[in-house]
Structures are given as structure tokens and as C-alpha cells.
Amino acid sequence: MTIHSPHPDIIARLKRAHGHLAAVLTMFEQGRSCLDLAQQLHAVESAVGNAKRELIHDHMEHCLVEGGEPTRDALKELKQLTKYL
């Protein structure tokens, strides 16, 4: 398994999701409408999903191919990654 160095774009996306989630918690405490809450929860879900997708795509591009040909281990890892897509 490859350990990634920090990914500034992914970190920024997750910080944005964190901010949205904090806003949702505050909105719940304030008794905001279900429509407003659903909209913000959708924003959280989308931000986390985009961060996950970016991480997986980056991993596929930079970590699974050695010497131009995928190894048996790389293909096994790719199959494992697909459950998170």
C-alpha cells in the first residue's frame, strides 16, 4: 500500500466539507428548515465525495503502475479501490 504525501487540493476540499458540516450542526441547533438542512448535507456529501474521487484517481495515476505495466499487486489494489467509487 502506498502512503500519500499531503494533497493540498484534497485537504482544501475536506476543509470545505468540514465547514459545511459545522454549519449543518449549527443549523440543527437553530431549528432551521428541513429543506435548508438537506441542502447543506448534500453540500457536505458532495465535497467529501469529490475529495475521495480525486484521491482515488490520483492514486490510480501515480501509484498503481510501475515501469509502465501494472503489477499483479497493483491490479489487486485497484479491485479493492473500486468498492469505494
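Biologist: How far apart should the end C-alpha atoms of helix 2 be, given its 29 residues at 1.5 Å a residue?

Modeller: The general idea is to multiply the rise per residue by one less than the number of residues, and then to set that value beside the distance in the model, which is a predicted one. For helix 2 the expected span is 42 Å, and the end C-alpha atoms are 42 Å apart, so the two values agree. Helix 1, residues 8-30, can be read in the same manner: with 23 residues, its C-alpha atoms reach 33 Å from the first to the last, close to the 33 Å expected at 1.5 Å a residue.

Biologist: What follows helix 1?

Modeller: Helix 1 is followed by Gly31, and the phi of Gly31 is positive, near 75°.

Biologist: Which elements make up the chain, and in what order do they run from the N terminus on?

Modeller: The secondary structure comes to three helices and two strands, and the elements run α-α-β-β-α from the N terminus on. To see how such elements come together, one can look at contacts between residues at least 6 apart in sequence, and in this chain 56% of these join residues at least 24 apart.

Biologist: How many of the 85 residues of the chain, as a percentage, count as buried?

Modeller: The cut-off matters here, and buried means under 20% relative accessible area. By that criterion 21% of the 85 residues are buried, while the accessible surface of the chain comes to about 6,500 Å², with 58% of it belonging to carbon and sulfur atoms.

Biologist: Which residues of helix 1 are buried, and what do they pack against?

Modeller: Ile10, Ala17, Val24 and Met27 are the buried residues of helix 1, and they pack against helix 2, which covers residues 34-62. In helix 2, the buried residues are Leu37, Val44, Ala47, Gly49, Ala51, Ile56, Asp58 and His59, and what covers them includes helix 1 and helix 3. A single pair can be added to this picture: Leu14 has its place in helix 1, and its C-alpha atom is separated by 6.2 Å from that of Val48, although their positions lie 34 residues apart along the chain. Leu14 itself has a relative accessible area of 40%, so it is partly exposed.

Biologist: On which side of helix 3 do its buried residues lie?

Modeller: One lists the buried residues, which in helix 3 are Ala74, Glu77 and Leu81. They cover an arc of only 65° around the axis, and therefore they sit on the same side of helix 3. These buried residues pack against helix 2, whereas the face turned away from the buried side carries the exposed residues Arg72, Lys76 and Lys79. Between the two helices one may also compare C-alpha positions: His57, in helix 2, is 10.0 Å from Leu81 in space and 24 residues from it in sequence. With a relative accessible area of 37%, His57 is partly exposed.

Biologist: How many salt bridges does the structure hold, and which residue pairs with Arg13?

Modeller: Side chains of opposite charge can pair when their charged atoms come close. The structure holds two salt bridges, and in one of them Arg13 pairs with Glu54, the closest N and O atoms being 2.6 Å apart. This pair links distant parts of the chain, since Arg13 is in helix 1 and Glu54 in helix 2, 41 residues apart. Arg13 counts as partly exposed at 29% relative accessibility, and Glu54 likewise counts as partly exposed at 23%. Arg32 forms a salt bridge with Asp36, with 3.4 Å between the closest N and O atoms. Arg32 has a relative accessible area of 39% and is partly exposed, as is Asp36 at 26%.

Biologist: Which residues make the nonpolar surface patch, and which element gives the largest share of it?

Modeller: To be admitted to such a patch, a residue needs over 30% relative accessible area and no salt bridge. Here Leu21, Leu25, Phe28 and Leu41 make a nonpolar surface patch of about 380 Å², and the largest share, three residues, comes from helix 1. Leu25, for example, has its place in helix 1, and its relative accessibility is 51%, so Leu25 counts as exposed.

How values were computed:
Residues are numbered from 1 along each chain as its sequence is written. This is a predicted model: local features need pLDDT of at least 70, side-chain atom pairs count only at pLDDT 80 or more; totals for chains, interfaces and linings use all residues. Side-chain values use heavy atoms; hydrogens and water are left out. Helices (H or I, at least four residues) and strands (E, at least two) are DSSP runs, numbered from the N terminus. Buried means under 20% relative accessible area, exposed over 50%, partly exposed in between (1.4 Å probe, protein chains only). Contact means heavy atoms within 4.5 Å. Patches are made of residues with over 30% relative accessible area and no salt bridge: like charges are joined within 9 Å, nonpolar side chains (Val, Leu, Ile, Met, Phe, Trp, Tyr) within 5 Å. Accessible areas come from the Shrake-Rupley method with a 1.4 Å probe; for residues, only the protein chains shown count as cover. A salt bridge is a side-chain nitrogen of Lys or Arg within 4 Å of a carboxyl oxygen of Asp or Glu. The arc is that of the directions from the helix axis to the C-beta atoms.
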